[in-house]
Amino acid sequence: MTGGTMQRTESLSPQGLGAALELQDVTYRYRTGRGQVTAAGLGPLDLRVAPGEFLCVVGPSGSGKSTLLNLLAGFLRPQTGDIRLDGATVKGPHPRLTLVQQEAALFPWLTVGGNVSFGLRGLSRAEQARRVADALALVGLPEMAGRRVHELSGGQRQRVSLARALATRPGLLLLDEPFSALDVNTRARLSSELLEIWRAQGITVVFVTHHLEEALELGERVVALRQGEVALDAPTTGVSLTDLQAALG
Ligand code: ADP
Ligand code: MG
């Protein structure tokens with residue numbers, strides 16, 4: 001059993017190392033259609049995430065969680081400050097990181113395997129097939145590559161989008177409320193699977209949720225966002241639900 005796990009770890013994440021993330025004095029403010037700066041957005045924010053760390057970011061709706069992930073993913077550029085991945089400034093979408101959204105954005109006209117291999121088109125067919133098989137096994141959907149997306153349950157779809165992200169072998173995995181559209185049992189199952197994958201792969205994870213309990217259960221560390229600023233940043237072992245509630249006002 002141990003041998004199998006080792007092999008998977010090696011095959012999916014050859015360097016075995018999560019990426020280091022560093023945000024320094026980052027701000028982002030949305031503009032109106034007329035180009036006027038609004039108060040909505042994020043920052044100023046300083047944050048470091050260590051290689052292999054599992055960080056949960058929590059906060060109410062509108063607190064800037066998705067803005068943060070879109071900045072990290074390179075989809076938005078900060079107006080001030082610097083975001084560095086393994087020491088290099090993030091200037092746009094980056095092959096070392098990948099973002100999983102709340103609703104699995106799968107292509108209905110592709111099979112499960114076609115969806116998982118979507119980000120792998122530069123690789124040989126054999127390598128793509130190997131990565132698809134590895135990633136689907138990792139999320140508990142082996143032998144599902146030929147299935148159609150519309151045959152899948154919500155939980156299975158979210159597993160497929162996780163597999164699609166893992167198949168790119170990211171050093172940093174960003175998840176934006178990935179399980180919040182699922183029922184309680186499915187969410188619990190996927191959460192513990194995600195933890196297993198994280199342990200086996202050694203990747204860095206930034207997991208965004210508005211569920212305070214979920215953040216405390218999953219993360220090694222929790223950052224609470226309130227109106228775009230850090231209201232609390234602490235190891236989850238030292239934080240209670242009441243602490244989080246108090247920090248978020
Ligand atoms: P969360 O993910 O925590 O719910 P967001 O990062 O989506 O929060 O939003 C943070 C703030 O920025 C909110 O006030 C929201 O209304 C605003 N906002 C988000 N996206 C846009 C946008 N495209 N244009 C203008 N304002 C936005
Ligand atoms: Mg959001």
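Helices and strands are taken here as DSSP runs, a helix being a run of H or I of at least four residues and a strand a run of E of at least two, numbered from the N terminus. The model under description is predicted, and in it Q201 is a residue of helix α6. With a relative accessibility of 3%, Q201 counts as buried, since buried means under 20% relative accessible area. Although Q201 and G18 stand 183 residues apart along the chain, their C-alpha atoms are separated by 8.2 Å.

Helix α6, which spans residues 184–201, packs with helix α5, residues 154–167, at an angle of about 20 degrees, and the axes of the two helices lie 11 Å apart. Because angles under 35 degrees count as roughly parallel, α5 is described as roughly parallel to α6. In this pairing α5 passes α6 in a right-handed crossing. On the side of α5 the contact is formed by G155, Q158, R159, L162 and L166, while α6 contributes T186, R189, L190, E193, L194 and I197. Sorted by class, the residues of this contact comprise five nonpolar, three polar and three charged.

A further packing involves α5 and helix α4, residues 125–138, where the angle is about 130 degrees and the axes are 8 Å apart. That angle makes α4 oblique to α5, and the crossing of α4 and α5 is right-handed. The residues that meet are R131, A135, L136 and L138 from α4, together with A163, L166 and A167 from α5. In the contact of α4 with α5, six residues are nonpolar, none is polar and one is charged. L166 of α5 thus appears in the contact with α6 and also in the contact with α4.

Beyond α5, the loop that leads to strand β7, residues 172–176, contains R169. R169 has a positive phi of about 55 degrees although it is not a glycine; as a general matter, most residues other than glycine have a negative phi. The relative accessible area of R169 is 16%, so this residue is buried.

Two other helices may be described through their buried residues. In helix α2, which covers residues 65–72, six of the eight residues are buried, so that the helix is largely enclosed by the rest of the structure. The buried residues of α2 are K65, T67, L68, L69, L71 and L72. Just after α2 comes G74, for which phi is positive, at about 85 degrees.

Helix α8, residues 241–248, has L244, A247 and L248 as its buried residues. When α8 is viewed down its axis, these buried residues fall within an arc of 90 degrees, and they therefore line one face of the helix. An α-helix has 3.6 residues a turn, so residues three or four places apart point the same way. The exposed residues T242 and A246 are carried on the face of α8 that is turned away from its buried side. The cover over the buried residues of α8 includes strands β3 (54–58), β9 (221–226) and β10 (229–235), as well as α7 (212–218). G249, which follows α8, has a positive phi near 65 degrees.

Backbone features are also found in the region of strands β1 and β2. D25, placed in strand β1, residues 21–31, has a positive phi of about 55 degrees although it is not a glycine. With a relative accessible area of 41%, D25 is partly exposed. Strand β2 covers residues 37–49 and includes P44, and the peptide bond that joins G43 to P44 is cis, with omega near 5 degrees. In general, most peptide bonds are trans.

The loop between β1 and β2 holds Q36, a residue that is partly exposed, with a relative accessible area of 47%. When neighbours within four places in sequence are left aside, Q36 is in contact with Y30 and R31. Q36 and D46 are 10 residues apart in sequence, and their C-alpha atoms are 25 Å apart in space.

Definitions and conventions:
Residues are numbered from 1 along each chain as its sequence is written. Chains are lettered from A and ligands numbered from 1 in the order in which they are written. This is a predicted model: local features need pLDDT of at least 70, side-chain atom pairs count only at pLDDT 80 or more; totals for chains, interfaces and linings use all residues. Side-chain values use heavy atoms; hydrogens and water are left out. Axes are lines fitted to C-alpha atoms, for helices over the stretch in contact, and angles run from 0 to 180 degrees between N-to-C directions. Angles under 35 degrees count as roughly parallel, over 145 as roughly antiparallel, 65 to 115 as roughly perpendicular and the rest as oblique. A crossing is left-handed if the near helix is turned anticlockwise from the far one by less than a right angle, and right-handed if clockwise. Contact means heavy atoms within 4.5 Å. Ala, Val, Leu, Ile, Met, Phe, Trp, Tyr, Cys and Pro count as nonpolar, Asp, Glu, Lys and Arg as charged, and the others, Gly among them, as polar. Buried means under 20% relative accessible area, exposed over 50%, partly exposed in between (1.4 Å probe, protein chains only). The arc is that of the directions from the helix axis to the C-beta atoms.
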